[in-house]
Structure formats: structure tokens, C-alpha cells
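Colleague: Got a minute to walk me through this model? Let's put it up and go through it together.

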Amino acid sequence: MTEKCTCGEALEELWALIDNELCTEDAQRVQEHLDRCRTCYPQYDFDRAYRQLVALQCRETAPAELRRKVFMRLLEDGA
Ligand SMILES: [Zn+2]
């Protein structure tokens, strides 16, 4: 996974990055993309804020299905 990261890949791995589930190499690659890409970075910001909100309200990780719904809505709004 040393190829340049695309927007799609970066967004796919966004949750894993936030959850610290990526290996250092992948995390760096995605993080680098987010730093440079104005399309993806706002989403990264939103995701962190969203997770903090969920953590405060539920003290648990949001179900994967809820995550995906919010994520898809975010993509539609950003289009
Ligand atoms: Zn991007």
C-alpha cells in the first residue's frame, strides 16, 4: 500500500484512521492525503467532531450502520 492515496481510498480508511486501526504506514498515507486534499479534509474534521459527539452522548462507538448513514449523507451534502 505504497501507492498514492486517492480521495475514495482516503475516505474509505477515514474511520479506520480515526479509530487508530491502521498500521503506521497506512495511517501516514491517509493523513498525508487529508492534509493536502481540500475535498477530504473537511470530512475528516467533521468525522472527528461527530465521534466526539457520539462519545459524549452514548459513551460508546456508533454502530457501523449509523456511521455509514451519516457518512453517505455527508458525501451527498459535499457533492
Ligand atoms: Zn481527497
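**Confidence and fold**

Modeller: Among the elements of the chain, helix 5 (residues 64–78) has the lowest mean pLDDT, 74, and helix 3 the highest, 89. pLDDT is the predictor's confidence in each residue, from 0 to 100. This is a predicted model, and local features need pLDDT of at least 70, side-chain atom pairs count only at pLDDT 80 or more, while totals for chains, interfaces and linings use all residues. Residues are numbered from 1 along each chain as its sequence is written.

Colleague: And what does the chain average in pLDDT?

Modeller: The average is 78, and 84% of the residues score at least 70. Where pLDDT is low, the predicted coordinates should not be read in detail.

Colleague: How many helices and strands are there?

Modeller: Five helices and zero strands, so the order from the N terminus is α-α-α-α-α, with helices (H or I, at least four residues) and strands (E, at least two) taken as DSSP runs numbered from the N terminus.

Colleague: What share of the contacts with a separation of 6 or more comes from residues 24 or more positions apart?

Modeller: They account for 60% of them. Two residues are in contact if their C-beta atoms, placed from the backbone, lie within 7 Å.

Colleague: Switching to the inside: how much of the chain is buried?

Modeller: Buried residues make up 16% of the 79 residues. Buried is 20 or more other C-beta atoms within 10 Å of a residue's own, exposed is 12 or fewer, and partly exposed is in between, with C-beta atoms placed from the backbone.

Colleague: Which residues form the largest nonpolar core?

Modeller: Nine of them: C5, A10, L11, L14, L17, V30, L34, C40 and Y44. Helix 1 (7–12), helix 2 (14–18) and helix 3 (24–36) are the elements giving two or more residues to this core. By nonpolar core I mean a set of buried Ala, Val, Leu, Ile, Met, Phe, Trp, Tyr and Cys residues joined through C-beta atoms within 7 Å.

Colleague: Take A10, then. Why does A10 count as buried?

Modeller: Because A10 has 23 C-beta neighbours inside 10 Å. A10 sits in helix 1, and, leaving aside neighbours within four places in sequence, is in contact with C5, V30, H33, L34, C37 and C40. The C-alpha atoms of A10 and Q31 are separated by 8.2 Å, with their positions 21 residues apart along the chain.

Colleague: What does C5 touch, again skipping neighbours within four places?

Modeller: C5 is in contact with A10, R29, V30 and H33.

Colleague: Helix 3 keeps coming up. Which residues of helix 3 are buried?

Modeller: R29, V30, H33 and L34. They cover an arc of only 130 degrees around the axis, so they are on the same side of helix 3 (the arc is that of the directions from the helix axis to the C-beta atoms). On the other side of helix 3, T24, E25, D35 and R36 are exposed.

Colleague: How far apart are the end C-alpha atoms of helix 3?

Modeller: They are 18 Å apart, which agrees with the 18 Å that its 13 residues should span at 1.5 Å a residue. The expected span is 1.5 Å times one less than the number of residues.

Colleague: Now the loops. Is E13 buried or exposed?

Modeller: E13 counts as buried, because it has 21 C-beta neighbours inside 10 Å. E13 is in the loop between helix 1 and helix 2, and touches L22, D26 and V30, not counting residues up to four places away in sequence.

Colleague: Which loop residue has a positive phi although it is not a glycine?

Modeller: N20, with a phi of about 60 degrees. Most residues other than glycine have a negative phi. N20 lies in the loop between helix 2 and helix 3, and is exposed, with 7 other C-beta atoms within 10 Å.

Colleague: And where is T39?

Modeller: T39 is in the loop between helix 3 and helix 4 (41–58). T39 counts as exposed, with 12 C-beta neighbours inside 10 Å. T39 and C7 are 32 residues apart in sequence and 7.8 Å apart in space, C-alpha to C-alpha.
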